[in-house]
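Grab a pencil and work through these exercises with the structure open beside you. Try each task before you read its solution.

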Amino acid sequence: MPLISDMKLTRNFRTEEFLVSRDFPQLADKLQPTQIHINNLYLLSATILQPARDILNGRYPEFKKKIKVIIMSGYRDPDLNAAVGGWPTSLHMEAKACDPRTDPIEHLEEFYDILLEFFHYAWIQAILYRDKNVAHIALPHWGVPRLCEIR
Ligand SMILES: [Zn+2]
């Protein structure tokens, strides 16, 4: 399979942004997403992340610098998932989940509220980790129950 990890998914999201780990960069470098994984990253970006980012920035037309959405964790293979202490059945391993934060971080809670209000039909898991300053959002997956909470 050709290397397509630099593929642009939507206006502001690229595949490589989902192949990251701050604590385990050597494991992130080894990630080899399949076409199915890339497709799921596209669905995350096109149906949730990009439109949510657009709504957030639309509220602040006076800002000279756009509010960015940074992916802290996206696709994980089993090695990376184990290293970061992910659930054994984590949807990150399907590339159906990601952990976004905003830059500046002050807009994270507002971004999360947008995910809940406007994109409730598109996700199966939405979690806001207040202590870690990051959210978790996941696409529907067979057998996975719906979950929405703030931790
Ligand atoms: Zn997550």
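## Exercise 1: Getting an overview

Task: Find out how many helices and strands the chain has, and in what order they come.

Solution. Start by counting: there are 4 helices and 7 strands in this chain. Keep in mind that you're looking at a predicted model. Next, walk along from the N terminus, and you'll meet the elements as β-β-α-α-β-α-β-α-β-β-β.

## Exercise 2: Checking the overall form

Task: Work out why the radius of gyration of the chain agrees with that of a compact globule.

Solution. First, take the length: for 151 residues, a compact globule would come out near 15 Å. Then compare: the chain has 15 Å, so the two agree. For another view, put a box around the C-alpha atoms along the principal axes, and you get roughly 45 × 30 × 25 Å. Now look inside: 34% of the 151 residues are buried. Finally, take the contacts with a separation of 6 or more; 61% of them link residues 24 or more positions apart.

## Exercise 3: Putting the sheet in order

Task: Work out in which order the strands of the open sheet lie, and which strands stand at its edges.

Solution. Step one: the sheet has 5 strands in the order 3-4-6-5-7, with mixed pairing. Step two: strand 3 (68-73) and strand 7 (147-150) each have a single partner strand, so they're the edges, with one side of each left without a neighbour in the sheet. Step three: from one strand to the next, the twist averages 25 degrees.

## Exercise 4: Following strand 4

Task: Say whether strand 4 is largely enclosed or not, and then find its bridge partners.

Solution. Count the buried residues of strand 4: 6 of its 7 residues qualify, so the rest of the structure largely encloses this strand. Now turn to its pairings. With strand 3, strand 4 (residues 97-103) pairs in the antiparallel sense over 5 bridges. Two residue pairs you can look up here are Ser 73 with Asp 99, and Lys 68 with Asp 103. With strand 6, strand 4 is also antiparallel, over 2 bridges. There, Cys 98 has Ile 137 as its bridge partner.

## Exercise 5: A helix over the sheet

Task: Find which residues of helix 4 are buried, and why they line one face.

Solution. Locate helix 4 (residues 108-118): it lies across strands 3, 4, 5, 6 and 7, at about 20 degrees to strand 6. Its buried residues are Leu 108, Phe 111, Tyr 112 and Leu 115. Look down the helix axis: these buried residues fall within an arc of 100 degrees, so they line one face. Here's the general rule: an α-helix has 3.6 residues a turn, so residues three or four places apart point the same way. What do the buried residues of helix 4 pack against? They meet helix 2 (35-58) and strands 3, 4, 5 and 6.

## Exercise 6: Into the core

Task: Find which residues touch the most other members of the largest nonpolar core.

Solution. The core holds 33 residues, and those with the most contacts to other members are Phe 18, Ile 48, Phe 111, Leu 115, Trp 123, Ala 135 and Ile 137. Helix 2 gives the largest share, 6 residues. To finish, zoom in on Ile 137: beyond its neighbours within four places in sequence, its contacts include Ile 48, Leu 115 and Trp 123.

Methods: Residues numbered from 1 in each chain as written. Predicted model: local features only at pLDDT ≥ 70, side-chain atom pairs only at ≥ 80, totals over all residues. Rg over C-alpha atoms; globule rule 2.2 N^0.38 Å. Buried ≥ 20, exposed ≤ 12 C-beta atoms within 10 Å, placed from the backbone. Contact = placed C-beta atoms within 7 Å. Pairing = 2+ DSSP bridges. Axes fitted to C-alpha atoms, helices over the stretch in contact; angles between N-to-C directions. Arc of directions from axis to C-beta. Core = buried A, V, L, I, M, F, W, Y, C linked by C-beta atoms within 7 Å.
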